[in-house]
Amino acid sequence: MSQSVQTKSGPAEIIPVVSPGGVEAWQVRSSFVPLVAVGFAFEGGAAQDPPGREGAMQMLSRLLDEGAGPYGSDAFQERLAEHAIELTFTSSPDALGGSLKTLVAHADDAFDLLRLALAEPRFDQDAVERVRAQMLAGLRYQANDPGTVASRRFIAEGFPGHPYGHPSSGTQESVAAITRDDLVALHRRIVARSHLKIAAVGDLSEAALARHLDATFGALPAKPVLEAVAPTRLVGRGTRHVVDLDVPQSVIRFGFEGVSWRDPDFIPAYVLNHILGGGAFTSRLFQEVRERRGLAYSVGTSLVSYRRTAMTWGYTATKNERVGECLEVIGSEIAKLREDGPTDDELEKAKAYLTGSYALGFDTSTKIAHQLVQIAFEDLGIDYIRRRNDLVAAVGQHDIRRAAERVLGDGAMLIVMAGRPDIA
Amino acid sequence: MDLRIDAAPIGRLEGGGPELSTHRLDNGLDIVVIPDRRVPVVTHMVWYRNGSADDPLGRSGIAHFLEHLMFKGTAAHPAGEFSKVVSALGGQENAFTSYDYTAYFQRVAPEHLGRMMEFEADRMSGLNFDEAVVAPERDVVLEERRMRVETDPAAQLSEAMAAALFVHHPYGIPIIGWMHEIEHLDRDAAFDYYSRFYCPDNAILVVSGDVAADDVVRQAEATYGRNAPRGARPVRIRPREPEPRASRLVSVADPKVEQPTLQRLYLAPSALTASGNDSHALEVLAEILGGGPTSFLYRRLVLDTGAAVNVGAWYMGSAIDDTRFALYAVPTESLDLDELGRRIDTVLGEARDAFDEVAIERAKTRLVAETIYSLDSQSSLARIYGSALAIGETLEDVRSWPQHIRAVTRDDLVRVMETYLVGRRLVTGHLVKDRA
């Protein structure tokens with residue numbers, strides 16, 4: 001099956017904008033809807049949490065809109081709400097990210113509130129305690145949730161002693177220990193200009209965007225102060241771990257090596273992952289675990305690419321009595337793929353899906369903004385969207401074999417189960 | 001077959017609704033087209049006017065189980081072929097079941113729309129699968145229920161609360177069905193249900209994205225146009241909920257619970273059962289009471305008194321029959337749920353004084369802005385219009401929604417609060433730790 005790689009898959013035109021003050025952003029102009037969607041990411045995420053203060057970056061991300069500049073928390077939220085401005089901050093292992101959505105008519109107010117949140121967050125003590133209480137309640141709420149405990153145990157086993165092994169949301173003890181000084185220091189270290197990536201989509205002129213960029217981000221400190229995060233690899237392959245929970249179904253997490261997004265083998269690994277356990281109903285795991293045997297409602301794998309490591313991790317959940325069978329099926333599918341590779345037809349169909357579906361990720365302003373920020377964050381280049389389908393289309397069987405060797409290795413997995421699995 | 005144009009294209013409003021057009025085929029299939037030419041993507045959805053609330057007694061979960069079985073092949077196309085084609089064309093697909101409707105969708109490049117229509121029209125009347133696929137698929141649904149409910153005490157509380165709120169109406173039965181009834185659903189049950197509800201006269205085709213309305217209608221005519229009509233739309237038999245008298249408390253205690261929570265459900269009229277503008281007023285009431293950190297309950301219970309760490313409200317107006325208005329609260333560590341409930345009552349007692357013009361305006365602004373933000377997403381628009389038509393609303397109802405929201409007054413808010421947020425309409429839910 002051949003396909004046209006010329007197919008228009010992304011937004012028509014991505015404009016690199018540099019403000020007079022030197023703030024860079026990628027812009028997509030669209031007047032279809034009278035709104036502006038902005039995405040941004042600062043280098044440095046939960047992996048920057050001080051030891052014993054895990055959860056600090058997430059707490060910081062939740063406090064930026066809880067009072068800034070002249071406004072206390074309630075006044076700040078009121079200013080957002082009165083114009084229906086949506087401002088959110090998120091933390092991931094490597095980044096402090098955020099997004100802003102506003103009607104064009106209120107763009108000035110929206111960017112100004114973003115400026116205040118980034119440059120002048122107050123960290124008022126009552127807001128700190130409120131957010132702490134919310135995070136602690138969230139941790140208690142999920143304390144025995146099978147999916148949550150399985151994921152936590154998985155990263156703890158896979159990256160012991162490394163920041164990537166700590167949960168971004170922290171623990172009861174670490175969240176209780178975070179001080180206002182920790183948050184102020186973290187904010188000062190991370191919210192800086194030099195590694196900042198910004199994308200803006202919507203009904204805004206280039207000149208207006210440049211003006212907003214300077215006003216919003218221009219006065220931030222030039223450089224972040226980042227703790228070095230050591231390169232690491234997933235360990236514990238070949239081991240199995242059970243978190244005991246009195247539930248009729250076990251959640252299973254399984255994982256092996258990965259390939260980072262910046263690695264030349266990423267695209268072949270991505271195609272391989274699609275064949276094994278990617279999002280479509282056609283993947284081998286979906287067919288064998290769900291369709292043929294009814295072992296689970298959801299099953300799949302995804303590539304995880306962090307700054308200093310990469311892994312592939314899989315998920316499923318099956319009743320306790322059938323966990324052994326389920327693991328056997330997953331193990332044998334991985335072994336088959338590792339030994340025989342995909343068929344030519346399977347490979348062509350996977351490529352057809354991945355190239356054809358790329359455009360589906362660009363159908364809203366917010367999605368476009370997030371995609372652009374992610375591409376910028378990974379340093380893939382402003383032309384990546386144009387190049388990406390060619391990269392997928394060029395993947396051949398030898399590329400898949402190379403990726404399979406790196407990703408699947410000897411087929412041994414780190415396996416974590418939460419439940420009461422009936423296994424020997 | 002000729003096609004009838006029922007309504008002229010509805011023009012673009014000033015910052016209001018999208019530019020959409022509607023048609024009806026001779027076999028009764030309703031069509032809505034919502035153009036969005038920004039990217040070469042179309043969302044193709046078929047909505048059926050039946051959901052879990054139409055499950056026959058003793059066969060709870062059949063609407064949802066059938067939705068799964070709709071991927072198991074037809075006389076013309078064996079199991080999995082449709083999915084393989086969607087995938088090979090770079091498309092995405094899925095389906096969902098709700099109380100009042102069931103919908104199937106694909107998202108593809110516009111040149112593949114016709115293929116999607118062929119397959120979707122084919123399974124509207126040609127469903128056919130082996131007995132052998134039924135048992136594994138039922139196991140999939142049982143695992144889905146284990147994942148969503150059997151391993152989650154909070155979901156068990158939600159089920160128990162709905163069952164207590166709706167003493168007579170099937171909204172009290174979970175969409176996925178009760179475990180012991182799913183276990184006995186079979187091929188016959190699925191086909192009984194399928195032959196009752198799946199026909200063009202009971203379906204709505206919604207296409208949004210990079211398409212022109214006349215192309216969509218032409219392609220629909222060539223595909224869905226071949227599906228024979230039933231002649232009359234299938235009848236939904238829905239008992240009416242009696243006037244409630246009793247305040248109810250249900251509680252789920254589980255050793256796995258580490259964070260107690262409180263939920264409230266009030267029986268409230270829906271967009272279809274409400275008289276006057278009660279439904280629009282309830283939308284604004286939910287926003288003003290519990291729509292985020294500037295809402296009245298959040299300010300009083302979280303910011304001012306610290307009784308709760310979080311609190312909110314929502315209203316499920318989109319329903320055929322009487323529906324839910326909900327409050328939820330997560331208490332601060334030192335407060336038990338009974339005391340939290342008393343604090344909520346005290347605050348609700350003061351709420352009418354808090355409905356000042358600024359707060360009302362803020363709530364309306366946020367609700368109306370959501371409709372403008374939704375214009376940015378072709379799949380959101382397809383869902384908004386599809387779900388509205390599937391429950392029996394008109395396009396005009398959707399289009400005029402912002403004006404109706406803006407027209408809600410302080411008196412309306414007081415009236416609906418005092419009418420519907422009352423003890424005899426209330427089911428309280430407690431999620432607590434079982435320390436036994």
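**View 1. Helices H9 and H10 of chain B side by side.** In this predicted model, helix H9 (residues 278–290) of chain B meets H10(B), and the two axes come within 3 Å of each other. Which way do H9(B) and H10(B) lie to each other, parallel or perpendicular? Their axes cross at roughly 25 degrees. Angles under 35 degrees count as roughly parallel, and H9(B) and H10(B) are therefore roughly parallel to each other. To find the meeting point, look for B:Ile288, B:Leu289 and B:Gly290 in H9(B), which meet B:Phe296, B:Leu297 and B:Tyr298 in H10(B). By class, this contact has five nonpolar residues, one polar residue and no charged ones. If you would like a general way to talk about such a pair, two packed helices are described by the angle between their axes and the distance between the axes.

**View 2. Where chain B touches chain A.** Now turn to the contact between the two chains. Here 49 residues of chain B are in contact with 52 residues of chain A. Which elements of chain B each supply at least two residues of this side? They are helix H2 (81–88), helix H4 (134–150), helix H10 (296–304), strand E10 (308–315) and helix H12 (357–374) of chain B. You have already met H10(B), as the partner of H9(B) in the first view. The largest share on the chain B side comes from H4(B), which provides ten residues. Sorted by class, the side of chain B that touches chain A has 19 nonpolar, 15 polar and 15 charged residues.

**View 3. The two domains of chain B.** Chain B is divided into domain 1, residues 3–226, and domain 2, residues 248–433. How many Å separate the centres of these domains, taken over C-alpha atoms? For domain 1 and domain 2 of chain B, the answer is 28 Å. Where they meet, 34 residues of domain 1 of chain B are in contact with 31 residues of domain 2 of chain B. On the domain 1 side, two or more residues come from each of strand E3 (30–35), strand E4 (42–48), strand E6 (102–108), helix H5 (153–165) and strand E7 (203–209) of chain B. H5(B) gives the most to that side, with eight residues. The residues on the domain 1 side of this contact divide into 20 nonpolar, nine polar and five charged. For a link to the records, UniProt lists residues 38–176 of chain B as "domain: Peptidase M16 N-terminal" in an unreviewed entry. That span is 42% helix and 14% strand, and its end C-alpha atoms lie 37 Å apart.

**View 4. A hairpin in chain B.** Follow strand E5 (residues 92–97) of chain B into E6(B): a hairpin joins the two through four residues. The strands run antiparallel, and six bridges join them. As one pair to pick out, B:Glu93 has B:Gln106 in E6(B) as its bridge partner.

**View 5. The two domains of chain A.** In chain A, domain 1 covers 15–217 and domain 2 covers 240–419. Their centres, taken over C-alpha atoms, are separated by 28 Å. The contact takes 31 residues from domain 1 of chain A and 26 residues from domain 2 of chain A. Which element gives the most to the domain 1 side? H5(A) does, with nine residues. Among the elements that each supply at least two residues there are also strands E2 (24–29) and E6 (197–202) of chain A. By class, the domain 1 side has 18 nonpolar, eight polar and five charged residues. A UniProt record, again an unreviewed entry, places "domain: Peptidase M16 C-terminal" at residues 178–353 of chain A. That span is 40% helix and 21% strand, with its end C-alpha atoms 46 Å apart.

**View 6. A six-stranded sheet in chain A.** Try tracing the strand order E1-E2-E6-E3-E5-E4 in chain A, which forms an open sheet of six strands with mixed pairing. At the edges are strand E1 (15–18) and strand E4 (86–91) of chain A, each pairing on one side only. From one strand to the next, the twist averages 20 degrees. Within the sheet, E3(A) and E5(A) pair in the antiparallel sense over nine bridges. A:Phe40 has A:Gly98 in E5(A) as its bridge partner. Helix H3 (residues 107–119) of chain A packs on this sheet and touches E3, E4 and E5 of chain A. The direction of H3 makes about 160 degrees with that of E5(A).

Definitions and conventions. Residues numbered from 1 in each chain as written. Chains lettered and ligands numbered in written order. Predicted model: local features only at pLDDT ≥ 70, side-chain atom pairs only at ≥ 80, totals over all residues. UniProt positions renumbered as here; feature names shortened; annotations may be inferred. Domains from an automatic or database assignment. Contact = placed C-beta atoms within 7 Å. Nonpolar A, V, L, I, M, F, W, Y, C, P; charged D, E, K, R; others polar. Pairing = 2+ DSSP bridges. Axes fitted to C-alpha atoms, helices over the stretch in contact; angles between N-to-C directions. Parallel < 35°, antiparallel > 145°, perpendicular 65-115°, else oblique.
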